[in-house]
Amino acid sequence: MDEKIAVNIRHLTKIYKGSTEPAVDDLNLQIYKGEFYGLLGPNGAGKTTTISIISSLIKPTKGEVFIDGYDLMKDLPAIKRIIGVVPQEIALYEKLTAFENLYYFGRLYGINKSDLHRRIDFLLERLGLVKYKFTKLINCSGGIKRRINLIAGMIHLPKILILDEPVVGIDVQSRNLIKEFLKELNKDNTTIIYTSHIMEDAEKLCSRLSILDYGKLVEQGAPNELINKNSDCSSLEDVFLKLTGQSLRD
Amino acid sequence: MKKLFASVYKEGLLLLRDIEGVLVMFIMPLILLIVIALLQHKSFQNITEEKIQVIVVDFDRDELSRSLSEGMTNSHMFEITSVSGNDSTLLEQARKDVAGGTYQIGIFIPPNTTSVVKSRAVSLVQQQINSAIKTDLNNLNAQGQIDLFFDPITKESFRDLVKSTLMQFSASVEKRIIFEAYSKFIDALTNQSSELDYPTTPAIQFNESLVSEYTSGIVPNSVQHNVPAWILFGMFLICIPIAGNIIKERSEGSLARLKAIPVTYLQIMSGKLIVFVGICLIQALLMILVGIFIMPFLNLPKLQVGGNIVALFSISLASALAATGYGILIGSAATTQIQASAFGSVSTVIIAAIGGAWVPVMIMPAIMQKISAFSPMNWGIHGYYEVFLRNADTLEILPDLGKLIMFAVICVGASLLFRKYAKNV
């Protein structure tokens with residue numbers, strides 16, 4: 001096992017109950033430690049299914065996944081300690097304050113109280129949320145909730161952070177702050193796996209990315225590599241459209 | 001352990017932030033308890049302690065009428081209202097009152113009824129002791145007459161019961177008069193005064209008890225029945241907010257986030273279990289306090305809780321665990337809030353009906369009594385009955401406790417299986 005690999009996906013297939021078409025079809029991927037890795041694809045391409053499997057939220061139909069050398073099917077508790085998951089939904093409790101939400105998730109990770117208090121304060125400060133520390137989420141804007149959602153997923157400082165559309169539906173300022181924060185985190189050696197529909201963000205943020213379509217890997221590489229490889233394309237969006245086509249998806 | 005505390009902390013905060021919801025959880029079952037106890041009070045009195053309203057029109061005003069009234073009063077079956085005199089309007093009014101339902105029975109004792117009985121007794125004794133004495137045959141064959149008039153809605157069996165009871169009383173009065181006549185006659189013959197009184201208690205007494213597997217012979221009043229019944233109902237109704245809480249967590253994605261955290265589903269559910277069991281116990285305490293302090297103000301009997309507080313706490317805790325476990329199962333199995341609240345409320349009503357919350361099991365048809373044995377509310381109500389009415393200790397209610405705890409374990413176990421195999425959890 002290559003120690004540089006953070007996530008190793010081998011022949012991964014997922015067919016949902018009641019469906020005949022695989023959502024993920026014999027996917028092979030290696031994501032290296034310290035990478036900022038993008039998973040791109042049109043709707044229904046299999047991005048969310050793939051990261052849901054990596055996040056241990058759903059089980060694969062076939063194939064193997066190793067995370068930091070641990071087998072997903074056998075070493076789940078160890079894997080849960082080293083990954084952080086930021087779901088697309090604001091998966092928090094609206095009637096609790098920012099602090100109460102973060103404190104709850106932090107305690108579930110087993111972080112001791114004094115460390116947790118310090119860490120919450122630091123992260124709230126870093127993401128411009130200090131004044132919302134004791135505000136119930138129900139009274140916060142979408143951008144604030146999304147930033148708290150991000151902190152909740154990384155309160156335990158995971159080695160690998162998995163984010164599903166972390167900047168969807170928020171204003172430019174919040175989006176920029178989150179992107180800067182993620183870049184900084186990545187510089188500190190956190191491996192980031194990221195899905196997005198915003199090609200511009202992926203092009204700027206990701207050190208490497210893969211484009212999926214119909215559950216299969218279509219192309220993989222650094223954004224510049226992919227653009228250079230397709231000489232008729234001037235941006236990642238052009239490459240994306242060239243590889244996945246113009247037809248609308250469900 | 002710290003994960004469990006974190007879950008309890010979060011659930012507690014969520015509940016406190018929905019104080020209106022918590023109040024509804026406490027107040028609605030209390031209102032239900034008071035309303036149903038008031039509604040059922042009369043029915044329970046019919047089963048247990050309601051007396052037959054009787055008006056006695058006493059024109060005799062002598063020993064027989066007095067003894068009859070006393071005997072009937074002492075039997076605890078009758079509530080006697082006596083009117084005496086010799087005005088025929090009294091009789092007319094009494095008839096009207098009975099016809100109007102104020103009294104179920106009217107008894108008219110005509111003038112000189114006691115004299116007729118006494119004369120007949122004396123004649124009988126004289127003839128018996130000394131046939132040479134010329135006895136007035138008219139006296140010997142004389143018969144007094146007591147008129148009975150009944151409310152027309154009374155059943156024939158009821159009328160027969162009352163007639164036989166009255167005949168028993170009048171026969172005992174007649175026996176005493178005969179005994180006294182004998183005593184006087186013997187005293188006259190022997191020239192001595194015997195001071196022997198006719199015994200007031202019968203030679204044979206009947207020891208009566210109700211034989212029922214259900215309540216060990218105890219018939220509760222409306223408060224003794226309704227407090228445990230609605231404690232159980234209120235507890236099981238908590239399945240709706242619990243299920244709602246779980247489904248909300250799932251639909252908003254928090255449960256998915258929790259799935260990616262090194263915490264077990266059992267730890268998460270245990271947090272809910274502890275908090276909602278606490279709510280159920282507070283609810284039970286409030287119901288008991290209402291039974292003790294509020295019910296008497298509403299002219300209802302005061303709740304008697306028995307003396308075994310440990311047993312009372314045990315049955316409350318086991319019932320709360322069963323109810324909360326049931327809520328966790330519904331929350332884990334249902335896919336939408338509508339599904340959970342519809343199933344939760346209807347199933348609670350069914351479990352309550354079968355379990356004897358509305359109609360006590362002891363007066364259910366035999367087949368329903370058998371079905372009732374499968375309802376967790378029945379186990380809980382039975383346990384409370386035993387503690388309240390028989391002063392049972394924890395050991396005596398162990399079968400009920402065991403069934404309730406087993407039910408809770410099965411529910412939580414089934415919800416863990418749903419978590420493992422169902423896609424929606």
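Start by selecting Val57(B) and Val83(B): Val83(B), in E2(B), is the bridge partner of Val57(B). Both names use a simple count, as residues are numbered from 1 along each chain as its sequence is written, while chains are lettered from A, and ligands numbered from 1, in the order in which they are written. Keep in mind that this is a predicted model, where local features need pLDDT of at least 70 and side-chain atom pairs count only at pLDDT 80 or more, though totals for chains, interfaces and linings use all residues.

Now widen the selection to strand E1 (residues 52-58) of chain B together with E2(B); the pair runs in the parallel sense over seven bridges. Strands here are DSSP runs of E with at least two residues, helices are runs of H or I with at least four, and both are numbered from the N terminus. Two strands pair if DSSP finds at least two bridges between them.

Next, show the whole sheet. What is the order of the four strands in this open sheet of chain B? Reading across, the order is E2-E1-E3-E4, and the pairing is mixed. Strand E2 (78-84) and strand E4 (147-150) of chain B each have a single partner strand, so they stand at the edges, with one side of each left without a neighbour in the sheet. Look along the sheet and you'll find a twist that averages 20 degrees from one strand to the next.

Add helix H4 (residues 88-99) of chain B, which packs on the sheet and touches E1, E2, strand E3 (105-109) and E4 of chain B. Touching is a matter of contact: two residues qualify if their C-beta atoms, placed from the backbone, lie within 7 Å. The direction of H4(B) makes about 165 degrees with that of E1(B). For such angles, axes are lines fitted to C-alpha atoms, for helices over the stretch in contact, and values run from 0 to 180 degrees between N-to-C directions.

Zoom out to chain B as a whole. Colour it by domain: domain 1 is 2-46 + 219-421, and domain 2 is 52-190, with bounds from an automatic or database domain assignment. The centres of the two, taken over C-alpha atoms, are separated by 56 Å. Chain B holds 16 helices and four strands, and its C-alpha trace spans about 115 × 45 × 35 Å along the principal axes. A compact globule of 425 residues would have a radius of gyration near 22 Å, but chain B has 32 Å; the radius is taken over C-alpha atoms, and the globule rule is 2.2 Å times the number of residues to the power 0.38.

Switch to chain A, with nine helices and ten strands. For its 250 residues, a compact globule would have a radius of gyration near 18 Å, and chain A agrees at 18 Å. Its C-alpha atoms fill a box of roughly 50 × 40 × 40 Å along the principal axes.

Two loops of chain A make good last stops. Ser56(A) lies between helix H1 (47-54) and strand E4 (62-67) of chain A, and has a positive phi of about 65 degrees although it is not a glycine. Is Ser56(A) buried or exposed? Ser56(A) counts as buried because it has 20 C-beta neighbours inside 10 Å. The cut-offs are 20 or more other C-beta atoms within 10 Å for buried, 12 or fewer for exposed, and partly exposed in between, with C-beta atoms placed from the backbone.

Finally, select Asn189(A), in the loop between helix H6 (172-187) and strand E8 (191-195) of chain A. Phi of Asn189(A) is near 80 degrees, positive in a residue other than glycine, and Asn189(A) is exposed, with 9 other C-beta atoms within 10 Å.
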